[in-house]
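Welcome, and please take a moment to turn the model around before reading on. The tour below starts with a pair of rings and then widens out to whole chains.

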Amino acid sequence: MSTQQLSGAEMVIKALKDQGVDVVFGYPGGAVLPIYDALFKQNHVRHILVRHEQGAVHAAEGYARSTGKPGVVLVTSGPGATNAVTGLTDALMDSIPIVCLTGQVPTHLIGNDAFQECDTTGITRPCTKHNYLVKDVNKLARTMHEAFYVATSGRPGPVVVDLPKDVQFAMGTYEMPKSAAHKTYKPILKPDHSRIEAAVDLLLSAKRPIVYAGGGVINAGPNASKLLAEFVRMTNFPCTLTLMGLGAFPANEPQYLGMLGMHGTYEANWAMHDCDVMLAIGSRFDDRITGRLDAFSPNSKKIHIDIDASSINKNVRVDLPIIGDAGYALEDLIKVMKARQKKPDAAALERWWGKIDEWRALKCLSFKDGEQIAKPQQAIRRLYEKTLATGKDTFITTEVGQHQMWAAQHFDFQKPNRWMTSGGLGTMGYGLPAAIGAQLGNPDGLVIDIAGEASIQMNIQELSTAVQYRLPVKIFILNNEYMGMVRQWQELLHGGRYSESYSEALPDFVKLGEAYGMKGLRAENAGQLDDVIDEMLAHDGPVIADILVDKSENCYPMIPSGAAHNDMLLGPVAEGEEAIGTAGKMLV
Amino acid sequence: MANSGTVGQPGAAYTFSSGDETVRRHTFAVIVDNEPGVLARVIGLFSGRGYNIESLTVSTVSADESVSRINIVTTGTEMIIEQIKAQLHRLIPIHDVHDLTLDGAHVERELALIKVRAKDHARRESLRIADIFHAKVADTTLDSFVFQIDGDPEKVDSFIELMRALGDTEVARSGVIAIARGNDVLKV
């Protein structure tokens, strides 16, 4: 155990180094100057200068989600901290481990409405997993290490460490903590064995089982995804994934039903509705998944494995809750399953698969290629096929809206940590900075932000960051000149009154890219699509590709809000029919 | 469209389909690290998620003052009560959450100071009622008393109600503190 005398600012950098941090996303300012000075004097931690603090947090999220390591953010006090709030909330909703260091005015000025002061711990309390205000330099080292422990253990999340400027200057003792364990925070990782046995009993008795896995499996590490695949192959149970879980089970496996939920596949949602035993792993019965709650999978016994006890029985009452890490739980499930004489009911499963194949035969995601103008689905599918042909390890980020759902439906993922999207908070402007973070974490990877022309403008300033660090991220804009999802809802709910959802006065994205010093491309029609994708993928540097797509295309299938899984819309509703009832209109 | 739940129910974004919708009252003892912001975390959780707080008291309880006990009385359906417990558990500086209502028999006490301004018959009556309730006189002037009463919250409620009928009143209540009956000692 080493102890040494360091300034607070030096301690921050030393703690980052001791935590194995190689990249920090940040933006300097008055209240963090001592830390930036300490950063200048060393070569262990690389600083990536973003153009807006929100971008810093999303970049750290992209880094964290694509590498499995915590993302680190460094911002100044006041506006630096408040600008980070959207990113922090995003990381909280999606359970992404982030350590965000914020500068603060000197301790004697706290509460005095000093220049660039804000109540950072107060503001970030509801949007972080935990936060700290460090007033004593001798507690700084311990707090830094604790912050990493809290951010990465149990259900991961963002942690803020607020650092007053005088604490950064003060000299104190740096001490590595003896153990990572926390005094009060002790998440349960190993599931209760008797419940695993009970779960196996239920699963073996199932006639119509389904596995419904989510982001918790991804957060449990790549091995958990391997175990999920092993479990599903072993049982031949159908498996569906949430938006956050895409990649946790390989999309090309026969047991995969596709994504479920509001824009999930017909087969996944019907199988959820008709199943008799549901195994939910690392998923949280979010309202986008369940649809109308009183009609959600009405006849099933539900097993729910989650690391967070508060996720259990929050929206849906389950029959067998199991608290624990998805990886440990899957390991135990497989072990117990293998030890049993009894095997899953093959005849019943065959009948169940027969039913599922009927639903699959509807081919709910099918679309017709556009003759003149490209269909957005077509653009994504071509992008998928062409990235597959490159053989490169491909990482996809998205913004939020129709393009996000189309990407989730039409881009197939075989591995975890390859898909980064803002699931819980639904933050437009997430994709570009997340792509930057993912590229930094995976320098040899092919990183593509599938974007919409409206979302991309919400953090467009980060193009400059991509160019500065020569990050070859590809920005693939599906340009339909609308905030497409808003337009779709206005069409379905508000009589086609497209209030403020048209993207007026769009920039010329090709010229914009060029202005930032990157390559700009445009596909004006379906015929140019392949060439533009080829050129984009071939270019060794950042590219912005503006793909003009059908302006009126809507995202289907869709469970209208307030409707049940078996009330899916497969395509446009006939005139005069109400797609969404009065109660559904109240929901988002 | 049939929709059994209502928008904006506390504890969940949208609708509930659970069977038991009976609202019950639960008393929690929440053991926390005595550090700045810990009370704000607890209160913020209740307001942010739309849970009720009927009463809340907090004080340090360990010899070295490093641990505090927050006594919370709340109401909600079974699912919400379960959520409150689980959500409290997620807060990092929380050691333990005890649902005293669920755990079994427990003692609940509250202290109140009630100032009553009254003359003549009403003044004499207030003193007589105070005697029945075993309330003490904490302060007096020629036309007022400050009564000090302790007991379970219902007893305090009844006493205050009677006093209000007798004159102008001012009330200060400590909020409920509670502890489990029996010889089990909660180590903090």
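Let us begin in chain B, where B:F46 and B:Y51 are both buried. This is a predicted model, and the tour reads its features as they stand in the prediction.

**Aromatic rings**

Across all chains, a search of the whole structure turns up 18 aromatic pairs. One of them is formed by B:F46 and B:Y51, in an edge-to-face arrangement with 5.8 Å from centre to centre and 85° between the planes. Chain A offers another edge-to-face pair, A:W352 with A:W359, at 5.9 Å centre to centre and 90° between the planes. Both A:W352 and A:W359 are buried. These two tryptophans also belong to one aromatic cluster, together with A:Y266 and A:W270.

**The two chains as wholes**

How many helices and strands does chain A have? There are 22 helices and 20 strands in chain A, while chain B has five helices and nine strands. If you follow chain B along its sequence, you meet the pattern β-α-β-β-α-β-α-β-α-β-β-α-β-β.

The table sets out some values for each chain.

| Chain | Buried residues | Share of contacts (separation of 6 or more) between residues 24 or more positions apart | Accessible surface | Share from carbon and sulfur |
|---|---|---|---|---|
| Chain A | 62% of 588 residues | 76% | about 21900 Å² | 51% |
| Chain B | 44% of 188 residues | 71% | about 9900 Å² | 51% |

Chain A can also be described by its overall dimensions. Its C-alpha atoms fill a box of roughly 70 × 60 × 45 Å along the principal axes. For 588 residues, a compact globule would have a radius of gyration near 25 Å, and the 24 Å of chain A agrees with that. As for charge, chain A carries 56 positive and 66 negative side chains, and the centres of these two sets are 6 Å apart.

**Two helices of chain A**

Helix α2 of chain A spans residues 33-40, and its buried residues are A:P34, A:I35, A:Y36, A:A38 and A:L39. What do these buried residues pack against? Their partners in chain A are the helices α1 (8-18) and α7 (165-169), along with the strands β2 (23-26), β3 (46-49), β4 (71-75) and β7 (158-164).

Further along the chain comes helix α17, residues 431-441 of chain A. Because 10 of its 11 residues are buried, α17 is largely enclosed by the rest of the structure. The buried residues of α17(A) are A:G431, A:L432, A:P433, A:A434, A:A435, A:I436, A:G437, A:A438, A:Q439 and A:L440.

**Three single residues to look up**

The first stop is A:T121, which you will find in helix α5 (residues 120-124) of chain A. Why does A:T121 count as buried? Its relative accessibility is 11%, and the cut-off for buried is under 20%. Apart from neighbours within four places in sequence, A:T121 is in contact with A:N131, A:Y132, A:L133 and A:D162.

The next stop, A:I334, sits in helix α13 (residues 326-339) of chain A. A:I334 counts as buried because its relative accessibility is 5%. With neighbours within four places in sequence set aside, the contacts of A:I334 are A:L227, A:E230, A:F231 and A:M234. How far from A:I334 is A:W406 in space? The two lie 34 Å apart, C-alpha to C-alpha, with a separation of 72 residues in sequence.

The last stop is A:H108, placed in the loop between β5 (98-104) and α5 of chain A. Is A:H108 buried or exposed? A:H108 counts as exposed, because its relative accessibility is 60%. Along the chain, A:H108 and A:D166 are 58 residues apart, and their C-alpha atoms are separated by 8.8 Å.

**Looking back**

To retrace the route, you could return to the A:W352 and A:W359 pair, whose planes stand 90° apart. From there, go on to helix α17 of chain A, which has 10 of its 11 residues buried, and finish at the exposed A:H108 in its loop.

Technical notes:
Residues are numbered from 1 along each chain as its sequence is written. Chains are lettered from A and ligands numbered from 1 in the order in which they are written. This is a predicted model: local features need pLDDT of at least 70, side-chain atom pairs count only at pLDDT 80 or more; totals for chains, interfaces and linings use all residues. Side-chain values use heavy atoms; hydrogens and water are left out. Buried means under 20% relative accessible area, exposed over 50%, partly exposed in between (1.4 Å probe, protein chains only). Helices (H or I, at least four residues) and strands (E, at least two) are DSSP runs, numbered from the N terminus. Contact means heavy atoms within 4.5 Å. The radius of gyration is taken over C-alpha atoms; the globule rule is 2.2 Å times the number of residues to the power 0.38. Accessible areas come from the Shrake-Rupley method with a 1.4 Å probe; for residues, only the protein chains shown count as cover. Lys and Arg count as positive and Asp and Glu as negative; His and the chain ends are not counted. The place of a charge is taken as NZ of Lys, CZ of Arg, CG of Asp or CD of Glu. Rings of Phe, Tyr and Trp (its six-membered ring) pair if their centres lie within 6.5 Å; planes under 30 degrees apart count as stacked, over 60 as edge-to-face and the rest as tilted.
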